[in-house]
Amino acid sequence: MANLEDLGEVISTDMLIVGGSIGGLCAAISAKEESPDISVLVVDKQTVGWSGAAPRGGMVIWVLKPEDSIDKLMQFHVGSLGHYLNDQELLYEYAIGGQQRIEKIAEWGVAMPRDNSGNIELTKIYQPPYFNPEYWSYICVDTDMLIPLRTTAKKKGVKILNKVQVVDLLKQGDRVVGAVGFNIIDGQFHIFKAKSTILANGLCSNREELWGASCGEGIAAAYRAGAEMRNAEFGSMVGFRPAEGYTSSGTYYTISFIYNPMSYERLTNAAGERLSERYNKTMPDPDFLLDIEKEIDEGRGPIYIDVDDSMRKTQKQILETKDHWPRKKFTSIENRHVDKVKKYGRNPIPKAEGAFTAGAGHCSAIKVDHDIKSTLDGLWAVGDTSIGGSAWAGAIMAPPGGMCGSGLGNAIFSALRGAPHAARYVAQAPTPEVDYTEVGRLKENIFAPMQRNKGISASEAIAALNDAISPVKYHLHRNKANLETLLSRVEEVKQKLAELCADDYHNLCKCHEAMSMTVGPELTFTAALTRTESRGSHVREDYPQRDDKNWLKWIVIKQENGKMAVTTEPVPIEKYKIKP
Amino acid sequence: MSRVTKITKIEIDGDACSGCKLCIEACFMDVIRWDDEEEKPVVAYPEDCRLCLFCEDACPVQCIEVIPPW
């Protein structure tokens with residue numbers, strides 16, 4: 001009988017966690033606290049404790065103070081951000097338990113700013129002036145916050161495996177029973193047999209400058225395994241890189257950050273004119289992207305955020321405030337960026353790019369239930385893999401509209417909610433049986449780019465994808481024709497993926513990143529084509545109105561016979577408190 | 001479409017380097033690898049650098065300099 005060990009190193013664990021940033025580590029610790037006797041393995045394509053976007057792009061965690069108003073927050077979030085597509089029950093759970101979650105990760109070793117009595121001190125310093133008045137607060141965390149979490153995880157018996165890229169999930173019938181992947185240094189093929197699997201490896205983005213490494217490998221693997229996706233149409237496919245260039249604070253944004261009025265009101269064209277004055281707007285609305293495009297088209301680009309004296313003063317105050325970022329690691333990184341600008345100048349943005357950079361999207365669409373479980377038995381998806389698909393945020397791209405701290409906040413929330421459930425599942429789950437032939441097929445596919453002597457490199461494929469989907473005119477003018485064009489352009493890139501070749505395992509890893517990066521845009525454009533209305537961050541030129549009669553529905557996509565099958569699911573608005 | 005063709009340069013002062021490997025751990029893009037023969041870090045994939053500066057910041061002897069591609 002064929003032996004699985006002949007194909008690669010077989011590792012059996014009760015729980016497999018893919019991704020060792022904040023979501024993965026919080027899930028691992030939480031699972032061990034729930035069920036100390038189960039074995040938990042965290043696998044990361046880089047190094048657990050340093051990997052992911054969280055330490056680079058996090059810095060604050062959204063939290064509701066006891067005196068903050070849950071009712072006002074719910075009303076604002078459902079009415080102004082989520083546009084009634086929120087799962088209001090899950091949003092309530094997310095909002096109400098923040099303080100306890102902060103105390104939990106403090107207990108696990110994450111340094112917190114504290115007052116003279118030693119109590120954790122929340123701040124409102126990140127509060128944009130008229131976007132989220134008094135509804136919520138923040139806690140500042142340092143860029144090395146994952147290190148104590150890693151230490152705690154190890155103390156509790158969590159095992160860690162670095163430099164292994166997980167590519168595909170293993171299934172036994174309809175149940176997920178682990179995954180396969182390879183070591184990006186020596187190419188060792190790994191077969192993970194697991195009773196429960198948690199995806200914690202981020203959203204589908206474009207290896208963004210400064211902070212982005214996640215390319216949607218978890219989302220793509222879940223999709224290929226048959227998991228349902230939800231709310232993909234609210235993803236963003238373009239990034240925004242102001243000409244201020246090269247510093248971490250306030251200089252590289254995705255569009256969701258521009259919804260923050262502090263940034264919006266400083267949008268400036270090449271002639272030095274503020275767009276907010278030119279277009280007479282005090283708040284960002286969906287059309288502001290079209291305003292930017294008009295400026296570029298008419299020769300007044302690039303558009304940038306003018307980090308003026310008042311903004312610099314605010315930044316300086318933030319950096320110098322002793323009670324924030326208790327270990328000063330964020331400050332240290334920030335100062336390095338400032339020094340780079342002094343030494344090398346700012347990143348010049350080519351005029352042709354205008355304000356926008358090519359992007360492969362911000363898609364976080366794995367559909368999960370209130371236990372953060374996917375639609376597949378044995379599979380959970382936490383953090384940015386499912387912030388959109390969980391639906392608590394509604395009709396808005398993730399992190400939801402200018403709510404700084406939602407990325408980390410959701411990662412901790414979903415991990416602490418999902419992992420105990422996944423741990424309890426282990427107790428009653430049968431031992432996984434893995435099919436030798438299937439593993440052999442997956443292994444052949446995974447290493448196929450190494451067998452090709454000619455073709456295209458991963459970098460070329462990623463560039464082709466960016467070129468295909470990044471033109472501003474397609475994104476800012478969502479209509480039937482443009483969305484169909486985008487889908488056909490993605491399809492052209494997908495055809496090229498069959499020619500991907502790699503000369504080493506690092507580049508093989510990039511090949512699988514490139515393949516994963518096509519899934520997010522296809523999900524987003526397919527869902528956007530289906531939603532024949534405008535709602536939240538989804539704006540259709542040909543259907544400019546919100547249509548509550550026909551579209552209080554979630555769009556759900558899953559793979560069937562190699563294609564994207566689209567269905568809808570009514571939002572149970574009748575049982576929710578806040579109605580249109 | 002315009003695209004930056006130059007790549008980031010990362011300089012590591014091998015004489016000053018203590019060999020702690022923290023820069024390799026800190027890099028989230030697999031840019032820096034370990035050279036077993038030289039027993040020093042080596043900049044293997046500078047084209048993948050995302051300019052996060054975590055390697056610089058993690059280095060206990062401050063022997064790394066990330067030079068942006070412009």
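Which residue follows H7(A), and is its phi positive or negative? The residue is A:Gly226, and its phi is positive, near 105 degrees. The model described here is predicted.

## Helix H7 of chain A

Helix H7 of chain A covers residues 217-224. Seven of its eight residues are buried, so the helix is largely enclosed by the rest of the structure. The buried set begins with A:Glu217, A:Gly218 and A:Ile219, continues through A:Ala220, A:Ala221 and A:Ala222, and ends with A:Tyr223.

## The loop glycine A:Gly52

A:Gly52 belongs to the loop of chain A that links strand E2 (40-43) with helix H2 (54-57). A:Gly52 has 32 C-beta neighbours inside 10 Å and therefore counts as buried, the cut-off being 20 or more.

A second glycine, A:Gly202, is 150 residues away from A:Gly52 along the chain. The C-alpha atoms of the two residues are nevertheless separated by 7.5 Å.

## Overall form of chain B

Chain B contains two helices and four strands, arranged along the sequence in the pattern β-α-β-β-α-β. The radius of gyration of chain B is 12 Å, close to the 11 Å given by the globule rule for 70 residues, so the chain is as compact as a globular protein of that length. Its C-alpha trace spans about 40 × 25 × 20 Å along the principal axes.

## Burial and contacts in chain B

Of the 70 residues of chain B, 33% count as buried. Among contacts in chain B with a separation of 6 or more, 55% are between residues 24 or more positions apart.

Note on methods. Residues numbered from 1 in each chain as written. Chains lettered and ligands numbered in written order. Predicted model: local features only at pLDDT ≥ 70, side-chain atom pairs only at ≥ 80, totals over all residues. Rg over C-alpha atoms; globule rule 2.2 N^0.38 Å. Buried ≥ 20, exposed ≤ 12 C-beta atoms within 10 Å, placed from the backbone. Contact = placed C-beta atoms within 7 Å.
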